[in-house]
Amino acid sequence: MTVLSSKASVSLEENASWSEEMFRDLHQHPELSMRESRTRGVVGAQLEKFGYEVQELGGGVVGVLANGEGPTVLFRADMDGLPVKEASGLDYASTATQVDENGAEQPTMHACGHDFHITAGLGAARLLAEHQDDWAGTYIALFQPGEEKAAGARAMVAAGLTDKVPTPDVCLGQHVLDSPVAGKVAVAGGPVLSTATSARIVVHGAGSHGSMPHLGVDPVVLASTIVTRLQTLVSREISPADFGVVTVGSLQAGSSANIIPDQATLLLNFRAYSAEILDQLVEGTERIVRAECHAARSPREPEIELYDRYPLTENDPDAAAVVREGFLAQFGADRVEVMDPATASEDFSVLPDAFGVPYCYWGVGAYKQGRETFPNHSPLWAPDMQPTLRTSTEAAVTAVLAHLAQSD
Ligand code: ZN
Ligand code: ZN
């Protein structure tokens, strides 16, 4: 027994070359977060061709297909690439560049696999439109911008998403990952992705000649003690049973060996599986930074600014159980794994939270068994196009159909 009807399964096969062509085109034209104008155009044109009612919204595009009485299901795909220079060696590798928000030209790459998400989202939209006899209800195909900056889902909500499409009963989303192996899917109820935030911290010293440190306040030493002391947050303040990560990803100060600079800038990233732990890490950081500044005779209060806040992705147990049942029926038990919580983060849950509805988010394997894998965001990220395209499309249709009213 499978979720897709035999006719829909045949279409899935027949659409393979269409979907591979679409994928290559998207892969060669990656666009930076909140600058996905070409991609939005490609997606909108396809949805219109499939018969969807299409609107552009907050930098994204959403298509609605009403097909009689029944539940309403929203499936979301993210569209942005990254400022990464592709080094995959693929024959369809990206050589594209794009001017970023600061006016700098950046190499661009679909290094997070969102090209798979778009293609699978379009493939699912096409299949559902071609096989309306198989289901009843309303399907919403949503393509959001700016996931990598935690900005796109909020932008679509701010542009009035909840008033402009029917309220879904459930929201669904997926991500291609380096685990499980290609051809498999992984799903679970509860927290599956961490909540996260970044922080920009500027600490102040007093500039001096490198030979006369006693006449200044050295922000390099100050910043270094902060980095060291921050290591105690997770190891000494968070319960060993809880999960937290504090990473100082950037530390910038000074320009010359013999000059003591007057400030240092730190960029931090925090991860947790609950908002309380995340807040505890951020508060602890603030306390340590202020105390170290005081200890170092810093002449001014530090500046601490939080940005790129991602919510927790916590699957609704019932919504996840329906998806899992569908996957088991469609793929068989040996291709369905339990998704372990990942330390990555997503803004997907902003969408269901705006509607006040449950959601489920799952993973799709992207590398064949035995292949050397490279993680998302690596310049070497190069999943196997197949079976990844097929599995991600099949997973999307299966999860949607499992939540819609199905007719035989
Ligand atoms: Zn990413
Ligand atoms: Zn991603």
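Here is a short chat about the salt bridges and the domain contact in this predicted model.

Me: What makes Arg24 and Asp91 a salt bridge?
Reply: Their closest N and O atoms are 3.7 Å apart. The cut-off is 4 Å between a side-chain nitrogen of Lys or Arg and a carboxyl oxygen of Asp or Glu, so the pair qualifies. Arg24 sits in helix α2 and Asp91 in the loop between β3 and β4, 67 residues apart.

Me: Why is Asp91 called exposed?
Reply: Happy to show you: its relative accessible area is 69%, and exposed means over 50%. Arg24, at 33%, counts as partly exposed, because that value falls between the 20% and 50% limits.

Me: How do you know that Arg38 forms a salt bridge with Asp25?
Reply: The closest N and O atoms are 2.9 Å apart, which is within 4 Å, so the rule is met. Arg38 belongs to helix α3 and Asp25 to helix α2, so the pair ties together parts 13 residues apart in sequence.

Me: Why does Asp25 count as partly exposed and not as buried?
Reply: Good one! Buried means under 20%. Asp25 has 23% relative accessibility, so partly exposed is the right label.

Me: What makes Asp279 and Arg309 a salt bridge?
Reply: Here the closest N and O atoms are 3.6 Å apart, so this pair also meets the 4 Å limit. Asp279 is in helix α8 and Arg309 in strand β15.

Me: How many salt bridges are counted between domain 1 and domain 2?
Reply: The count there is 0, while the structure holds 17. Across that interface, 5 residue pairs are in polar contact.

Key
Residues numbered from 1 in each chain as written. Chains lettered and ligands numbered in written order. Predicted model: local features only at pLDDT ≥ 70, side-chain atom pairs only at ≥ 80, totals over all residues. Heavy atoms only, no water. Polar contact = N/O pair within 3.5 Å; in protein donor to acceptor, adjacent residues only side chain to side chain. Helix = DSSP H or I, 4+ residues; strand = E, 2+ residues; numbered from the N terminus. Buried < 20%, exposed > 50% of the residue type's maximum accessible area, 1.4 Å probe, protein only.
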